[in-house]
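Here are some notes to read with the model open beside you. Take the points in order and find each residue as you go.

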Amino acid sequence: MSDKSSSSELKDRATLIVDMLESNGKNKVNAQIINSIFKHENWTQYDEAIILLGNTIRVSNVSNVSPLILTLIRKYKSLDKEEVEKQRRLATVGINYLFNFRKLSKKLMKS
């Protein structure tokens, strides 16, 4: 990863952390982060975008990120053909999504 993209990714991660701390865990995905994910025409090919997506998944936005998750699933149908690092990044997105989807489902069942 180049220095410029590394510093951009670190800045976006810091923005996410500050947002989480200031909102007491009720994360509202910052427009800057969304712009970083979509700054490339085919965002699904860029590790930085996949990492940011994985880091932005929260109970409060599960339904908003569902189309993005489905896009990744369609793009990487044969996950076993990808490099291990790419598999790990995609698995992290999937785990974060399922974890937060489960939390949301439990919350809705209690209501």
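**Notes on the fold**

1. Start with how far the contacts reach along the chain. Of the contacts between residues at least 6 apart in sequence, 60% join residues at least 24 apart. Keep in mind that this is a predicted model.

2. Next, the overall layout. The protein has five helices and zero strands, so to speak an α-α-α-α-α pattern when you read along the sequence. Buried residues account for 34% of the 111 residues.

3. Now look for the greasy part. In general, nonpolar side chains in soluble globular proteins tend to be buried together. Here the largest nonpolar core has 17 residues, and those with the most contacts inside it are Ile37, Trp43, Leu53, Ile69, Leu72 and Val93. Helix 2 (31-37), helix 3, helix 4 (62-75) and helix 5 (84-110) each put in at least two residues of this core. Which helix gives the largest share of the core? That is helix 4, with five residues.

4. Trp43 deserves a click. Leaving out residues up to four places away in sequence, Trp43 touches Ile37, Phe38, Ala49, Leu53, Leu68, Thr71 and Leu72. Ile37, Leu53 and Leu72 in that list also appear among the core residues with the most contacts.

5. Helix 3 (residues 47-56) is mostly covered, with eight of its 10 residues buried. The buried ones are Glu48, Ala49, Ile50, Ile51, Leu52, Leu53, Gly54 and Thr56. Two of these, Ile50 and Ile51, turn up again as contacts of Arg89.

6. About that arginine: Arg89 is in helix 5. Is Arg89 buried or exposed? Arg89 counts as buried because its relative accessibility is 16%, and the cut-off for buried is under 20%. Not counting neighbours within four places in sequence, Arg89 is in contact with Asp47, Ile50 and Ile51.

7. Then there is the pairing of helix 4 with helix 5. Two packed helices are described by the angle between their axes and the distance between the axes. For helix 4 and helix 5 the angle is about 145° and the axes are 11 Å apart; the crossing is left-handed. On the helix 4 side, the contact is made by Val62, Val65, Ser66, Ile69 and Leu72. Helix 5 brings Leu90, Val93, Tyr97, Asn100, Phe101 and Leu104. Sorted by class, the contact has nine nonpolar, two polar and no charged residues.

8. Ser66, one of the helix 4 residues in that contact, is worth zooming in on. Why does Ser66 count as buried? Because its relative accessibility is 17%, with the cut-off at under 20%. A polar atom of the Ser66 side chain lies 2.9 Å from the backbone oxygen of Val62. An α-helix has 3.6 residues a turn, so residues three or four places apart point the same way.

9. Finish with another serine, Ser8, which sits in helix 1 (residues 3-22). Ser8 and Ser36 are 28 residues apart in sequence, and their C-alpha atoms are 8.4 Å apart in space. Setting aside residues up to four places away in sequence, Ser8 touches Lys39 and Glu48. Glu48 is one of the buried residues of helix 3.

Definitions and conventions:
Residues are numbered from 1 along each chain as its sequence is written. This is a predicted model: local features need pLDDT of at least 70, side-chain atom pairs count only at pLDDT 80 or more; totals for chains, interfaces and linings use all residues. Side-chain values use heavy atoms; hydrogens and water are left out. Contact means heavy atoms within 4.5 Å. Buried means under 20% relative accessible area, exposed over 50%, partly exposed in between (1.4 Å probe, protein chains only). A nonpolar core is a set of buried Ala, Val, Leu, Ile, Met, Phe, Trp, Tyr and Cys residues joined through side-chain atoms within 4.5 Å. Axes are lines fitted to C-alpha atoms, for helices over the stretch in contact, and angles run from 0 to 180 degrees between N-to-C directions. A crossing is left-handed if the near helix is turned anticlockwise from the far one by less than a right angle, and right-handed if clockwise. Ala, Val, Leu, Ile, Met, Phe, Trp, Tyr, Cys and Pro count as nonpolar, Asp, Glu, Lys and Arg as charged, and the others, Gly among them, as polar. A polar contact is a pair of N or O atoms within 3.5 Å; within protein, one must be able to donate a hydrogen and the other to accept it, and residues adjacent in sequence count only if both atoms are side-chain atoms.
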